[in-house]
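The exercises below concern one protein chain. Each sets a task and then works through a solution step by step.

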Amino acid sequence: MCNIITHRIRRSRELFTDEQGVVDEESDVLSQDRCWEEYWRLLFPKITVQDILEFEKKYKGSDEERQDVIQLYEQHQGDMDAIMASALCCSQDDEPRLSSIIQAAIDSGDVTAFPAFTRETEKKKRARRKRQKQKSREKNFNSFLSDLEAKYSKKSGKSSKRGKK
């Protein structure tokens, strides 16, 4: 099965590109009626929730995560608000872990200590936690409203004969 898919992908790529890897837009191959969604799915299979959870499990605590966190630390010059907003697969519960990764990099001399990180006030940390809790409440409330709407709203397509004579 994998050989068939691999062959189809290779053949499709050969048909669409020339030797320099440039797509010939005037080619009859591109103008043919073909199922582009099917072709796309051959190249990129659908991502499931399970795939995301497996990625998160492998990513957290990995060297790749450490490198990403350090890169974000340097990019945002130690601003934990921006780091937390940009980091993959993390929630407010992960902040101490990310902070320890950054602190270890500072202690080992891998990165410079930015005042935004080293002198962050407890007030700013509390404000970040409070914002995160507020976002979580809003998300839960919106989910609750969506559930109620789905349960009690009238379905479209059905005409009501009430009040009509």
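**Exercise 1. Determine what share of the contacts with a separation of 6 or more joins residues 24 or more positions apart.**

Solution. A contact means heavy atoms within 4.5 Å. Among the contacts in the protein chain with a separation of 6 or more, 56% are between residues 24 or more positions apart.

The model is predicted: local features need pLDDT of at least 70 and side-chain atom pairs count only at pLDDT 80 or more, while totals for chains, interfaces and linings use all residues. Residues are numbered from 1 along each chain as its sequence is written, and side-chain values use heavy atoms, with hydrogens and water left out.

**Exercise 2. State how many helices and strands the protein chain has, and what percentage of its residues is buried.**

Solution. Step one: helices (H or I, at least four residues) and strands (E, at least two) are DSSP runs, numbered from the N terminus. The protein chain has nine helices and zero strands.

Step two: buried means under 20% relative accessible area, exposed over 50%, and partly exposed in between (1.4 Å probe, protein chains only). Of the 165 residues in the protein chain, 20% are buried.

**Exercise 3. Describe how helices α5 and α7 pack, and which salt bridge links them.**

Solution. Step one: axes are lines fitted to C-alpha atoms, for helices over the stretch in contact, and angles run from 0 to 180 degrees between N-to-C directions. Helix α5 (residues 63-75) packs against helix α7 (residues 95-108) at about 75°, and the axes are 10 Å apart.

Step two: angles under 35 degrees count as roughly parallel, over 145 as roughly antiparallel, 65 to 115 as roughly perpendicular and the rest as oblique. The two helices, α5 and α7, are therefore roughly perpendicular to each other.

Step three: on the α5 side, the residues that meet α7 are Glu65, Arg66, Val69, Ile70 and Tyr73; their partners in α7 are Arg97, Leu98, Ile101, Ile102, Ala105 and Ile106.

Step four: a salt bridge is a side-chain nitrogen of Lys or Arg within 4 Å of a carboxyl oxygen of Asp or Glu. Glutamate 65 and arginine 97 form one, with their closest N and O atoms 2.7 Å apart. This pair links distant parts of the chain, from helix α5 to helix α7, 32 residues apart. Glutamate 65 is buried at 1% relative accessibility, whereas arginine 97 is partly exposed at 26%.

**Exercise 4. Identify the partner of arginine 128 in a salt bridge, and the network in which Arg128 is linked.**

Solution. Step one: the side chain of arginine 128 meets that of aspartate 81 in a salt bridge (2.7 Å, N to O). Arginine 128 belongs to helix α9 and aspartate 81 to helix α6, 47 residues apart.

Step two: arginine 128 is buried, at 4% relative accessible area, and aspartate 81 is partly exposed, at 23%.

Step three: a network of salt bridges links Asp79, Asp81, Glu95, Glu120, Lys124, Arg128 and Arg131. A search of the whole structure finds 12 salt bridges.

**Exercise 5. Is tyrosine 152 buried or exposed, and which residues form a nonpolar patch with Tyr152?**

Solution. Step one: tyrosine 152, in helix α9 (residues 122-152), has 60% relative accessibility and counts as exposed.

Step two: Phe141, Phe144, Leu145 and Leu148 form a nonpolar surface patch together with Tyr152, with about 520 Å² of accessible area in total. Patches are made of residues with over 30% relative accessible area and no salt bridge, like charges being joined within 9 Å and nonpolar side chains (Val, Leu, Ile, Met, Phe, Trp, Tyr) within 5 Å. Accessible areas come from the Shrake-Rupley method with a 1.4 Å probe; for residues, only the protein chains shown count as cover.
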